[in-house]
Every structure is written in structure tokens, then in C-alpha cells.
Amino acid sequence: TLEAGALVLADRGVCCIDEFSSIREADRATIHEAMEQQTLSVAKAGLVCKLNARTTVIAVTNPKGVYDPNEDISVNTAIASPLLSRFDIVLVLLDTSNRDWDLVVSTFILRQ
């Protein structure tokens, strides 16, 4: 039997992927194909199929190590530029160390 994965099941919807940089290389190639062609090619037991994967992909990841603002985002995340270029929007959210601000935020949260 042929079973659909997350991108195929999310056809015409949204697929959210956490820890994107931890995905195996083979799976990254599949995701790249899906984001580029909006289909996935599957060959299994003599059956060759093209499955629709017309989905919006929202992916999140952490930097490998400490984020270096002087390096390119592909270096910081260990995600190749061709795959990163398939995303329409790439946002970098940084949590800068600020002891005073952290105290204000944590005090506010703990009082709630």
C-alpha cells in the first residue's frame, strides 16, 4: 500500500514542521521537490505516482550553536540556500541577553 505523508495530507492546507534543520537529507530533498513543483514523486513496488502537495509550509528551527549575525542564515541554520530560497518569508527571531529585561518579563509572568 501507498500511504501519504504530511505534505500530501496537507494538500491545499498548511504543514507545520518543527526542528526543520534536524530533518534527514533525503527528506529535505523531498520537501524541496514539493515546495518547488507542488508534487511528490513516489516509486514503490513497481508503482510510480505523482502526488499533489500544494501546501503552505511553515518551518521553524534553531541555529546550530550560537547564532552569528555576521554569518549567512544558511550557515547559522545548516539549511542549504536552494531549500531556503523556496520559502517566501524567512524571519530571524533573536533573544538577546538582557538581564534587566529578563527580570521584568519573568516577574510579570510569575505574577499572573
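Here's a quick briefing on the cysteines, the β2–β3 hairpin, an aromatic pair, some positive phi angles and a surface patch. This is a predicted model, where local features need pLDDT of at least 70 and side-chain atom pairs count only at pLDDT 80 or more, while totals for chains, interfaces and linings use all residues. Residues are numbered from 1 along each chain as its sequence is written, and side-chain values use heavy atoms, with hydrogens and water left out.

A few cut-offs first. Buried means under 20% relative accessible area, exposed is over 50%, and partly exposed sits in between (1.4 Å probe, protein chains only). Helices (H or I, at least four residues) and strands (E, at least two) are DSSP runs, numbered from the N terminus.

**Cysteines**

- Searching the whole structure for disulfides (pairs of cysteine sulfur atoms within 2.5 Å) turns up 0.
- Why does C15 not bond to C16? The C16 sulfur is the closest cysteine sulfur to that of C15, but at 6.8 Å it's too far for a bond.
- C15 is also buried, at 7% relative accessible area.
- For C49, the closest cysteine sulfur belongs to C15, and at 20 Å that's too far for a bond as well.

**The β2–β3 hairpin**

- Strands β2 (residues 39–44) and β3 (residues 47–52) run antiparallel and are joined by 6 bridges; strands count as paired if DSSP finds at least two bridges between them.
- L40 has L51 in β3 as its bridge partner.
- The hairpin has 2 residues between the strands, and A45 takes a positive phi near 50° there.
- A45 lies in the loop between β2 and β3, and this residue is exposed, with a relative accessible area of 84%.

**The aromatic pair**

- Rings of Phe, Tyr and Trp (its six-membered ring) pair if their centres lie within 6.5 Å; planes under 30 degrees apart count as stacked, over 60 as edge-to-face and the rest as tilted.
- By that rule, the whole structure has 1 aromatic pair.
- F20 and F87 make up that pair, edge-to-face, at 5.8 Å centre to centre with 85° between the planes.
- The pair links distant parts of the chain, 67 residues apart: F20 is in the loop between β1 (14–17) and α2 (25–37), and F87 is in the loop between α4 (81–84) and α5.
- Are these two rings' residues buried or exposed? F20 is buried at 2% relative accessible area, and F87 is buried at 15%.

**Positive phi elsewhere**

- E19 isn't a glycine, yet has a positive phi of about 55°.
- This residue is found in the loop between β1 and α2 and is partly exposed, at 35% relative accessible area.
- A78 isn't a glycine either, and has a positive phi of about 60°.
- You'll find A78 in the loop between α3 (73–77) and α4, partly exposed at 39% relative accessibility.

**Nonpolar surface patch**

- W101, V104, V105, F108 and I109 form a nonpolar patch on the surface, with about 530 Å² of accessible area together.
- Patch members need over 30% relative accessible area and no salt bridge; like charges are joined within 9 Å, and nonpolar side chains (Val, Leu, Ile, Met, Phe, Trp, Tyr) within 5 Å.
- A salt bridge here is a side-chain nitrogen of Lys or Arg within 4 Å of a carboxyl oxygen of Asp or Glu.
- Accessible areas come from the Shrake-Rupley method with a 1.4 Å probe, and for residues only the protein chains shown count as cover.
- V105 is found in helix α5 (residues 99–111) and is partly exposed, at 30% relative accessible area.
- Between A45 and V105, 60 residues apart along the chain, the C-alpha separation is 56 Å.
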